[in-house]
Every structure is written in C-alpha cells, then in structure tokens.
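This report goes through the fold, the salt bridges and a few buried positions of one protein chain. Please look at the model before reading on.

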Amino acid sequence: MSARRSLVWLGLTPEPEQELPTAVAALRARADGRPPSPLVAAERQRVERLVLRGTQRGWLRYLREVTDLVVEAAGSRTADPGAALLAGEVVLDHHRMLIGLPGAGYERTAAQRRELERALVRLRSRAPLGASELRSTL
C-alpha cells in the first residue's frame, strides 16, 4: 500500500459493508425475498475487496452502481422495494457523511443524493416495512 493512499474514507460507517451485500444481491436477483446465497457471497466478497484493497474512488463507483439499482427499482413494479429502500437509505446516509471528509467526495455525490432522495420517496410509499424492520428480513 502506498504511503500516499488516503484511508480516511474507511472510517465513515460500517453499515454499507454490513448491509449492502444482501440488499444489493436481492436487487441484482430481481426477486422478492431472500436472494440466492452464492449471489450474496459474491457481493460480500466484492465489498470486502473494495474496502481492503480499494480506493475511495473505487468505493464511490460501487456506490454509484448501487444508486442506479435503487433508482431503477423505484421505477419498477417488479423490483423488491424493501431491498431497494434499505440500500438507498444506507448509501444516502454514507454520501451525506462525506461532507466531513477532505476532498471532493461530497460534491461528486451531489447528483446521487438527489436521485436517492427522489427514489426513496417513491419506495417508502410502496414498502410495507420501515428500514429497521427491513434489515431483519434481508
């Protein structure tokens, strides 16, 4: 690891690492309920690789993908609104915390924050449970 590589982004919050793999796997599987275990394991490995060996830029690219999945789910009647709601809230919280870090991460994610806020309004109107209840079902 380079001595110049900034690691400050790793200290934001553990929720994305803990909660996104299952929710994102559910969104990628495009099915209600529990996503297939191999898909969850693959997503967990991807997140682990990004956190252990990645950069803030790579992490933000991954969260852009998650944002796209959430926005797509918000406009779909067949996507799992619970998984999308959970993933959207986790990414939005993460992006809001970027304001406290040095660098341009907060500015770079401004459009994503707006997209997520709009998508979450739509998803909340469709999801039968709140985010805390969703965490226990995924």
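The sections below go from the overall make-up to single residues.

## Model and confidence

The structure is a predicted model. Its average pLDDT is 84, and 79% of the residues score at least 70. Confidence varies among the elements: helix H6 has the highest mean pLDDT, at 95, and helix H7 (residues 131-137) has the lowest, at 52. Where pLDDT is low, the predicted coordinates should not be read in detail.

## Overall make-up

The protein contains 7 helices and 0 strands. Along the sequence the pattern reads α-α-α-α-α-α-α. Of the 138 residues, 46% are buried.

How much of the contact set with a separation of 6 or more comes from residues 24 or more positions apart? Such residues account for 73% of those contacts.

## Helix H2 and its two sides

Helix H2 covers residues 37-53. With 17 residues, H2 reaches 24 Å from its first C-alpha to its last, close to the 24 Å expected at 1.5 Å a residue.

Which residues of H2 are buried? They are Val40, Glu43, Val47, Leu50 and Val51. Because these residues cover an arc of only 95° around the axis, they sit on the same side of H2. An α-helix has 3.6 residues a turn, so residues three or four places apart point the same way. The cover over the buried residues of H2 includes H1 and H3. On the other side of H2, the exposed residues are Ser37, Pro38, Gln45, Leu52 and Arg53.

## Salt bridges between H1, H2 and H3

In the whole structure, 7 salt bridges are found. One of them joins Arg28 and Glu65, with the closest N and O atoms 3.2 Å apart. Arg28 belongs to helix H1 (residues 15-29) and Glu65 to helix H3 (residues 56-74); the pair is 37 residues apart and links distant parts of the chain. Arg28 has a relative accessibility of 31%, so this residue counts as partly exposed. Glu65 is also partly exposed, at 30%.

Glu65 meets a second partner, Arg46, in a salt bridge with an N to O distance of 2.6 Å. This pair again links distant parts of the chain, with Glu65 in H3 and Arg46 in H2, 19 residues apart. Arg46 has 26% relative accessibility and therefore counts as partly exposed. Which residues make up the network of salt bridges that includes Arg28? Arg28, Glu43, Arg46 and Glu65 are linked in this network. Glu43, one of the buried residues of H2, is thus a member of the network as well.

## The link between H3 and H6

A further salt bridge pairs Glu115 with Arg64, and the closest N and O atoms are 2.6 Å apart. Glu115 lies in helix H6 (residues 110-126) and Arg64 in helix H3, so the bridge ties together parts that are 51 residues apart in sequence. Glu115 is partly exposed, with a relative accessible area of 21%. Since buried means under 20% relative accessible area, Glu115 at 21% does not count as buried. Arg64 is partly exposed too, at 25% relative accessibility.

## Buried positions Gln112 and Thr67

Is Gln112 buried or exposed? Its relative accessibility is 6%, so Gln112 counts as buried. The residue is located in helix H6. The side chains of Gln112 and His95 are joined by a polar contact of 2.9 Å. Beyond its neighbours within four places in sequence, Gln112 touches Leu60, Leu63, Arg64, Thr67 and His95. Among them is Arg64, the salt-bridge partner of Glu115.

Thr67 is in helix H3. Its relative accessible area is 0%, and Thr67 is therefore buried. With neighbours within four places in sequence left aside, the contacts of Thr67 are Val91, His95, Gln112, Glu115 and Leu116. His95 thus appears in the contact list of Thr67 and in that of Gln112.

Conventions:
Residues are numbered from 1 along each chain as its sequence is written. This is a predicted model: local features need pLDDT of at least 70, side-chain atom pairs count only at pLDDT 80 or more; totals for chains, interfaces and linings use all residues. Side-chain values use heavy atoms; hydrogens and water are left out. A salt bridge is a side-chain nitrogen of Lys or Arg within 4 Å of a carboxyl oxygen of Asp or Glu. Helices (H or I, at least four residues) and strands (E, at least two) are DSSP runs, numbered from the N terminus. Buried means under 20% relative accessible area, exposed over 50%, partly exposed in between (1.4 Å probe, protein chains only). A polar contact is a pair of N or O atoms within 3.5 Å; within protein, one must be able to donate a hydrogen and the other to accept it, and residues adjacent in sequence count only if both atoms are side-chain atoms. Contact means heavy atoms within 4.5 Å. The expected span of a helix is 1.5 Å times one less than its number of residues. The arc is that of the directions from the helix axis to the C-beta atoms. pLDDT is the predictor's confidence in each residue, from 0 to 100.
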